[in-house]
Amino acid sequence: MKCNDIETTSHRHPLRRRLFNTSAALLLVCVTKPALASQFNNAIAATEERFKGEAFQAEQYRQGGRTFFEVKVLAGARVVEAEYNVANKQFQDVDEIRKPRLVARIGRSLARATLTLAEASQIAATSIGSGEVLEAKLRRNGKRYVVEVANNQEAFKVVLNARDGHVLRIRAD
């Protein structure tokens, strides 16, 4: 596959081409759209598209036998907290926060991170083999993603570098 044939998962970056300096080698890495996107990433994509913003935090929870996702998106001069119902693909509850200092801080964090929240969650799930992403957050002023992933036996907390996707730590929860 050539890099020009890649579909993108981010509205912010039309085509992902990154150079990583790993030890002594310089690698060209093309981030592709996963063949089977998880419900977690589908909820992130739906929220980003609906509110024309970029997600920085998402959490999955179950209530009454249904699966919901709470996704936080920076959309212009506001932070949108949206609850997404997977069953009917509808937004249940939407709150807007218009605090200039909070918006500026989140904006700086997102500008530092070159990976999107969806990409970080995909890398984290892959790093433990397989599993379901329960929560993902951009932390440390845009330097790290912390992603909680559960498989059949246990839950893991995966910490990633937000610039290059390098897995920094995997810890059983």
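Me: Which strands form a hairpin with Arg 140 in the turn?
Reply: That's β7 and β8, with four residues between them. Arg 140 has a positive phi of about 50° there. Bear in mind that this is a predicted model.

Me: OK. How many bridges do β7 and β8 share, and in which sense do they pair?
Reply: Seven bridges, in the antiparallel sense. β7 covers residues 132-139 and β8 covers residues 144-150.

Me: What stands opposite Val 133?
Reply: Val 149, over in β8.

Me: And which residue is the bridge partner of Val 149 in β9?
Reply: Phe 156. So Val 149 has Val 133 opposite it and Phe 156 as its partner in β9; see also strand β9 itself, residues 155-161, which runs antiparallel to β8 and is joined to it by seven bridges.

Me: How many residues sit between β8 and β9?
Reply: Four, and those two strands form a hairpin as well.Me: Switching to the core. Which residues touch the most other members of the largest nonpolar core?
Reply: Tyr 145 and Val 147, out of 39 residues in that core.

Me: What is Val 147 in contact with, leaving aside its neighbours within four places in sequence?
Reply: Quite a list: Ala 120, Ser 121, Ala 124, Val 133, Glu 135, Ala 136, Phe 156, Lys 157, Val 158 and Leu 160.

Me: Now pockets. What's the volume of the second largest pocket?
Reply: About 260 Å³.

Me: Which residues lie nearest its centre?
Reply: Phe 56, Gln 57, Arg 105, Ile 106 and Leu 138, from a lining of 15 residues.

Me: Which element gives the most to that lining?
Reply: α2, with four residues. The elements that each supply at least two are β3 (54-63), β5 (78-85), α2 (100-112) and β7.

Me: How does the lining of the second largest pocket split by class?
Reply: Six nonpolar, four polar and five charged residues.

Me: One more residue: where is Lys 72?
Reply: In strand β4, which spans residues 66-75.

Me: Is Lys 72 buried or exposed?
Reply: Lys 72 counts as buried because its relative accessible area is 18%, and the cut-off for buried is under 20%.

Me: What does Lys 72 touch, not counting residues up to four places away in sequence?
Reply: Glu 54, Ala 55, Phe 56, Gln 57, Val 80 and Glu 81. Phe 56 and Gln 57 came up earlier, among the residues nearest the centre of the second largest pocket.

Technical notes
Residues are numbered from 1 along each chain as its sequence is written. This is a predicted model: local features need pLDDT of at least 70, side-chain atom pairs count only at pLDDT 80 or more; totals for chains, interfaces and linings use all residues. Side-chain values use heavy atoms; hydrogens and water are left out. Two strands pair if DSSP finds at least two bridges between them. On a 1 Å grid over the protein atoms alone, a cavity is a set of points where a 1.4 Å probe fits but cannot get out, and a pocket is an open set with protein on both sides within 12 Å along at least five of seven lines; lining residues have an atom within 4 Å of a point. Grid points are joined across faces, edges and corners, and a volume is the space filled by probe spheres set on the points. Ala, Val, Leu, Ile, Met, Phe, Trp, Tyr, Cys and Pro count as nonpolar, Asp, Glu, Lys and Arg as charged, and the others, Gly among them, as polar. A nonpolar core is a set of buried Ala, Val, Leu, Ile, Met, Phe, Trp, Tyr and Cys residues joined through side-chain atoms within 4.5 Å. Buried means under 20% relative accessible area, exposed over 50%, partly exposed in between (1.4 Å probe, protein chains only). Contact means heavy atoms within 4.5 Å.
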